[in-house]
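Colleague: I have a model open and would like a close look at a single part of it. Please take me through the aromatic rings, and then place them among the helices around them.

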Amino acid sequence: MRTTTLGPGGPEVGVIGLGCMGMSYAYDMAAARDEDTYVSVIRTALDVGMTLIDTADVYGPFTNEELVGRALSGGHRESAVVATKVGALSRDEQGKPIRAENGRPEHIRRSIDESLQRLGTDHVDLYQLHRVDPQVPIEESVGAMAETVAAGKARAIGLSEVDVDQIKRAQTVHPITTVQNELSLWTRDWIQDVLPYCQAQNIAFLPYSPLGRGFLTGRFTSVDDLPPDDVRRRMPRFQQDALQQNLALVGRVREIAERIDATPAQVALAWVLAQGRYVIPIPGTKTPKYLLDNAGAADIQLSETDLAALNALPAPHGGRGN
């Protein structure tokens, strides 16, 4: 796979990375998970050049970092650029499901050590603030993350789901290497402001859900195609009425894919790659087949006509539900 870097001074990575969340969290039932297969998928990603491996302590929680650590054992760590995140919570201290943020410095200082232990490494290449805590100034959270860099526990820091003002405030404390916001053909919220700012500042942009949470692959034609416990069943764009209307968008992507002998997923990822040199999508997958399909998008160069047609796609029905 061709490569780029996390900004002009950052480590070299494949132009497409691997998001590992779905292997442990959100998209299926725990009983259906096959960790041996997922370990193989992560190692295959490294073999084909998808070297940016993205996880977070909240995925599971905690079990996804353990899975990534297992996959990187036995000499595979040296091939990977490991990114994890801190600051999002899925359970309270009693184990009750919640959705909250914790950007307190003491939480970040404690969490980096716990993440390193689960990952089986002495450092991560990228430590990201998963969500900004509205109760904690971002400068304080980033200050604690900067301490992890000074201590050699992280090589660089990044932010996730942030606007331009938040990035600027964070930059007053420490250089920001990456911004991880959602970006795809059906989520272009950040393309007018955050993405141009990152490009001007040489900050790498890591689009999560670049395949529209799987919808842009064309595999879903009904909400019934999703597993019973899948979080997407609660998202506005996957409600039956909205989903049926959004199928027209996928149809346009499929038309281009068929004409250039590609898959819809490859076309969707190629569009994301076309947004800039330091735009590095991190699609998630749990199967070798779809991993290799995603990797193939790195070789696709969309024509100006195709890019214009994709840029002209209508907005999807329903909110994105991040």
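Modeller: Here is a walk through the rings, then the helices, then one loop residue.

Keep in mind that this is a predicted model. Start with the whole chain. Its secondary structure comes to ten helices and eleven strands. The radius of gyration is 19 Å, close to the 20 Å that the globule rule gives for 322 residues, so the chain is as compact as a globular protein of that length. Along the principal axes, the C-alpha atoms fill a box of roughly 50 × 45 × 40 Å. Of the 322 residues, 57% count as buried. Take the contacts between residues at least 6 apart in sequence: 73% of them join residues at least 24 apart.

Now the rings. A pair of aromatic rings is described by the distance of the centres and the angle of the planes. How many aromatic pairs does the structure hold? It holds four. One of them is formed by Tyr25 and Tyr59. This pair is tilted, with 5.8 Å from centre to centre and 35 degrees between the planes. Tyr25 lies in the loop between β3 (18-19) and α1 (35-47), and Tyr59 lies in the loop between β4 (52-54) and α2 (63-72), so the pair ties together parts that are 34 residues apart in sequence. Are the two rings buried or exposed? Tyr25 is partly exposed, at a relative accessible area of 26%. Tyr59 is buried, at 7%.

Trp186 and Phe215 also form an aromatic pair. This one is stacked: the centres are 4.9 Å apart and the planes differ by 5 degrees. It links distant parts of the chain, 29 residues apart. Trp186 sits in the loop between β10 (178-180) and α6 (194-200). Phe215 sits in the loop between β11 (204-205) and α7. Why does Trp186 count as buried? Buried means under 20% relative accessible area, and Trp186 has 3%. Phe215 counts as buried too, at 0%.

The pairing goes further. Ring pairs link Trp186, Phe215 and Phe238 into a cluster. Arginines come in here as well. Arg237 lies over the face of Trp186, at 5.0 Å from the ring centre. Elsewhere, Arg219 lies over the face of Tyr290, at 4.2 Å from the ring centre.

Next, the helices. Phe215 lies in the loop that leads to α7, so follow the chain there. Helix α7 spans residues 240-259, which is 20 residues. From its first C-alpha to its last it reaches 29 Å, close to the 28 Å expected at 1.5 Å a residue. There is a kink of about 25 degrees, centred on Asn246. Asn246 is also among the buried residues of α7. Others include Ala242, Leu243, Leu249, Val250, Val253 and Ile256. An α-helix has 3.6 residues a turn, so residues three or four places apart point the same way. What covers the buried residues of α7? The cover includes α8 (264-273) and α10 (304-311). After the helix comes Asp261, with a positive phi near 60 degrees.

Go back to the loop that holds Tyr59. On its far side is α2. This helix is mostly covered, with seven of its ten residues buried. They are Asn64, Glu65, Leu67, Val68, Gly69, Ala71 and Leu72. They pack against α1, β4, β5 (81-86) and α3. Gly74 follows α2, and its phi is positive, near 70 degrees.

α3 turns up again beside α4. Helix α4 covers residues 138-150 and has 13 residues. It reaches 18 Å from its first C-alpha to its last, close to the 18 Å expected. Its buried residues include Ile138, Val142, Met145 and Thr148. Along with α3 (105-119), their cover includes β8 (126-129), β9 (157-160) and α5 (164-171). Gly152 follows α4, with a positive phi near 80 degrees.

Last, a loop residue. Where is Asn202 found? It is in the loop between α6 and β11. Asn202 is partly exposed, at a relative accessible area of 39%. Leaving aside residues up to four places away in sequence, Asn202 touches Gly7, Pro8 and Tyr278. Met145, in α4, is 57 residues from Asn202 along the chain, and their C-alpha atoms are separated by 20 Å.

Note on methods:
Residues numbered from 1 in each chain as written. Predicted model: local features only at pLDDT ≥ 70, side-chain atom pairs only at ≥ 80, totals over all residues. Heavy atoms only, no water. Helix = DSSP H or I, 4+ residues; strand = E, 2+ residues; numbered from the N terminus. Expected span 1.5 Å × (residues − 1). Bend = angle between axes of the 7 residues up to and from the residue. Buried < 20%, exposed > 50% of the residue type's maximum accessible area, 1.4 Å probe, protein only. Contact = heavy atoms within 4.5 Å. Phe/Tyr/Trp six-rings, centres within 6.5 Å; stacked < 30°, edge-to-face > 60°. Lys NZ or Arg CZ within 6 Å of the ring centre and 35° of its normal. Rg over C-alpha atoms; globule rule 2.2 N^0.38 Å.
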